[in-house]
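Q: Please take a close look at how the side chains of this model pair with one another, and go through the reasoning step by step. I would like one connected account rather than a list.

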Amino acid sequence: MAEKLTIQPLTKEAFAPFGSVIETDPAAMRYINGGTTERYNALAVAEAVGEDAKVIINIFRGSPRSFPYAIGMMERHPFGSQSFSPIDNRPWLVVVAADEGGRPGRPQVFLAGGRQGVNYGRNVWHHPLMAIGAVSDFLVVDRLGGGNNVIEHFFDTPFVIEQP
């Protein structure tokens, strides 16, 4: 029988073991361009290691998930971080898990606001993009380069998210 997952708010503290939350933070703000622009500086660090590694910028368009939703797999990227920032100002779900002996442990689910992005650290287990409610666009920063940068794990018994 599938185990139900609880959705928790996305906060910097709760997400810290998995990477960084990307959102405006007054502590990271400074004025630039003659005081006409607020720069929220160094909110996350992109990682790219390995053969011919480059950091690239993409737009991903995610179709909304139907609920209840079964989390049957997780993935990780051993050679680079991966960040997702919503463009459409819509909430979305972030699903991550700690590594337990080379496999993902019990997933944790976070509800991200439409102005919150995340940067999954290199080699962090996460579920693929989870738009909710409507088709949503995301600015994605990740790695391009040689080597197999995707490892997938499929659970014997899925976990279930009832409803965001």
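A: A residue counts as buried when its relative accessible area is under 20%, as exposed when that area is over 50%, and as partly exposed in between. The model is a predicted one, and the cut-offs can be applied to two phenylalanines at once. Phe 155 has a relative accessible area of 15% and is therefore buried; Phe 159, at 10%, is buried as well.

The aromatic pairs come next. The structure holds nine of them. In one, the ring centres of Trp 92 and Phe 138 are 5.0 Å apart and the ring planes stand at 70°, so this pair is edge-to-face. Because Trp 92 belongs to strand S9 (residues 92-97) and Phe 138 to strand S14 (residues 136-144), the pair ties together parts that are 46 residues apart in sequence. Trp 92 and Phe 138 are both buried. Phe 155 and Phe 159 make another edge-to-face pair, because their ring centres are 5.1 Å apart and their planes lie at 80°. As for the wider setting of Trp 92 and Phe 138, these two residues are part of one aromatic cluster, whose other members are Phe 15, Phe 18, Phe 60, Phe 84, Phe 110 and Tyr 120.

From the aromatic rings we turn to charged side chains, for which a search of the whole structure finds seven salt bridges. One of these joins Lys 12 to Asp 25, with the closest N and O atoms 2.8 Å apart. Since Lys 12 lies in helix H1 (residues 12-15) and Asp 25 in the loop between strand S3 (19-22) and S4, this bridge ties together parts that are 13 residues apart in sequence. Lys 12 is partly exposed at 31% relative accessibility, and Asp 25 is partly exposed too, at 21%.

A second salt bridge returns us to strand S14: the side chains of Asp 137 and Arg 61 meet with an N to O distance of 2.6 Å. Asp 137 is in S14 whereas Arg 61 is in strand S6, so parts that are 76 residues apart in sequence are tied together by the pair. The two ends of this bridge fall into opposite classes, because Asp 137 has a relative accessible area of 14% and is buried, while Arg 61, at 63%, counts as exposed.

In a third salt bridge, the side chains of Asp 99 and Arg 76 meet at 2.9 Å, N to O. Asp 99 sits in the loop between S9 and strand S10 (108-112), and Arg 76 in strand S7, so that the pair links distant parts of the chain, 23 residues apart. Here Asp 99 is partly exposed at 40%, but Arg 76 is buried at 12%.

Strand S7 (residues 69-76) in turn pairs with strand S15 in the antiparallel sense over seven bridges, and one set of bridge partners is Ala 70 and Val 160 of S15. Strand S15 (residues 151-161) also pairs with strand S1 (residues 3-5), in this case in the parallel sense and over three bridges, with Ile 161 in S15 as the bridge partner of Leu 5.

Conventions
Residues numbered from 1 in each chain as written. Heavy atoms only, no water. Pairing = 2+ DSSP bridges. Helix = DSSP H or I, 4+ residues; strand = E, 2+ residues; numbered from the N terminus. Phe/Tyr/Trp six-rings, centres within 6.5 Å; stacked < 30°, edge-to-face > 60°. Buried < 20%, exposed > 50% of the residue type's maximum accessible area, 1.4 Å probe, protein only. Salt bridge = Lys/Arg side-chain N within 4 Å of Asp/Glu carboxyl O.
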